[in-house]
Amino acid sequence: MTFLDKNNIDSNLLHIGNKLLSWYKKNARDLPFRQTKDPYKIWICEIVFQQTRINQGLNHYNNFIRRFPDVQTLAEAEENEVLLYWKGLGYYSRAINVHKAAQQVMNDYDGVFPSEYEEILKLKGVGKYTAAAITSICFDGKIPAVDGNFYRVLSRIFADDFDISNSRAFAYFSELATLILPENVGDFNQAMMDLGSEICKPKNPLCGECPLRENCLAYSLNKISEFPVKTKKVKSEDLHLKYYFVHRNGQFLVRQRKDDFIWKKLFEFPVVIPEELEAFSKEVKTINHKLTHKNLTIEISNVEVASEPAWNNFIAQNQYLITDFEASHEKSFPKPLENYIQNKNQK
DNA sequence: AACTCGGGGCG
DNA sequence: CGCCCAGAGTT
């Protein structure tokens, strides 16, 4: 049974939101973007931490802000440098979009970050969640920033079995959130995130420390583990990639990927080589790399080109980029290829 | 409305 | 080894 179907909604649920706020005042995590209302910094942090744990993205966020401290600096940067600062984070379209959006702010808003929800929503890579987060945190907007934490916390508080894999879940839990929405929505949104990640965790939640324990229906029913309900399971497919690490005198060949598949616009090694070079192929390394939706097997043939004419000929007939171990640090490679290069360099 | 896009950490 | 994470864009 979903809560909004129950027809017995307590008209005064606001004390739940306020209780959460008072907990947040004492227990807020000390994060680098908590001391500012600069919409640029809040925007960047919201993009960085989409589908990304705080611990995983914290260094990337700090390095990104240090290199691109404001919208104009980001807008004027080269896309490849933005991608470089996204290296290893995953979901690389975020980097491409955040760069384009910075140029949107410069061109369409005269370099001033928009303050209206509908305008912020127009920025590339900014969806309903992120627009709500920015407006509430920076501009006192009264919109709940519904994310995975909201799904989990609200479904437990109301013992609500609305399927979070349903495409209407965002609208449903947004409505549910408004029932407990206090005056300070910016802090409320951040409080839900802290509660969701520190207390109301997906597994083994710390209900003993939860400020909303007395208001939590799932807890009182001893059914915490049954919420949230998620029916749709993600399947992983097998994917096989074959690369040639073509090198000579410390130099090796790379090319940039397209933006239509995995690892958008990241760099990789040649995928095919002529038979003449195949003869130089030595050991083959097989790397198993796990992505969320794919079981990836990467086969990399080590090709040390012993013949200088063959090397020059191959370069002349293809559009590969020549790099070396030093310069490769200025390109963004997928994690497994990054590891492969580092391993080669140590030999 | 369903699919796709990374990588890390946890039980 | 499956699940989840400060979701958004595409089809």
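**Notes on a two-domain chain with two DNA strands**

1. A polar side-chain atom of K294 sits 2.2 Å from a phosphate oxygen of DNA strand B, and that is a good place to start looking. Please keep in mind that this is a predicted model. K294 is also one of the residues that come nearest to DNA strand B, along with I262, W263, T292 and H293, out of 21 around that strand. Sugar and phosphate make up 56% of the strand B atoms that come within 4 Å of the protein.

2. Two further contacts with DNA strand B are worth a click. Y92 places a polar side-chain atom 3.0 Å from a phosphate oxygen of the strand. L89 uses its backbone instead: an N or O atom there is 3.3 Å from a base nitrogen of DNA strand B. By class, the surface near this strand holds 10 polar, 7 nonpolar and 4 charged residues.

3. Next, DNA strand C. This strand is surrounded by 30 residues, with F33, F49, T130, R152 and M193 the closest. Sugar or phosphate supplies 59% of the strand C atoms within 4 Å of the protein, and bases supply the rest. The surface near DNA strand C counts 12 charged, 9 polar and 9 nonpolar residues.

4. Which residues have a polar atom facing a phosphate oxygen of DNA strand C? R152 is one of them, with a polar side-chain atom at 2.4 Å. N149 is another, where a side-chain N or O atom lies 2.8 Å from a phosphate oxygen of the strand. Q51 takes part through a polar backbone atom, at 2.9 Å. The elements giving two or more residues to this surface are α2 (39–48), α8 (128–139), α9 (148–157) and α11 (185–198).

5. On the overall layout, chain A is split into domain 1, residues 3–226, and domain 2, residues 237–346. Taken over C-alpha atoms, the domain centres are 38 Å apart. Within the chain, the UniProt annotation "domain: HhH-GPD", from an unreviewed entry, covers residues 48–198. That span is 62% helix and 0% strand, and its end C-alpha atoms lie 19 Å apart.

6. How many residues of domain 1 are in contact with domain 2? The count is 10 residues of domain 1, which meet 14 residues of domain 2. Between them the two domains bury about 950 Å², and 59% of this is on carbon and sulfur atoms. On the domain 1 side, L84, K87 and Y92 lose the most area to domain 2, together 46% of what that side buries. Y92 deserves a second look here, since the side chain of Y92 also has the 3.0 Å approach to a phosphate oxygen of DNA strand B.

7. Finally, a few backbone details to check by eye. Most residues other than glycine have a negative phi, and most peptide bonds are trans. The peptide bond from F227 to P228 is cis, with omega near -5 degrees, and P228 belongs to the loop between α12 (217–220) and β1 (237–248). D140, although not a glycine, has a positive phi of about 60 degrees; D140 is placed in the loop between α8 and α9. N204 likewise is not a glycine and has a positive phi, of about 50 degrees, and the loop between α11 and α12 is where N204 is found.

Conventions
Residues numbered from 1 in each chain as written. Chains lettered and ligands numbered in written order. Predicted model: local features only at pLDDT ≥ 70, side-chain atom pairs only at ≥ 80, totals over all residues. Heavy atoms only, no water. Near = heavy atom within 4 Å. Polar contact = N/O pair within 3.5 Å; in protein donor to acceptor, adjacent residues only side chain to side chain. Nonpolar A, V, L, I, M, F, W, Y, C, P; charged D, E, K, R; others polar. UniProt positions renumbered as here; feature names shortened; annotations may be inferred. Helix = DSSP H or I, 4+ residues; strand = E, 2+ residues; numbered from the N terminus. Domains from an automatic or database assignment. Contact = heavy atoms within 4.5 Å. Buried area = accessible area lost by both parts, 1.4 Å probe.
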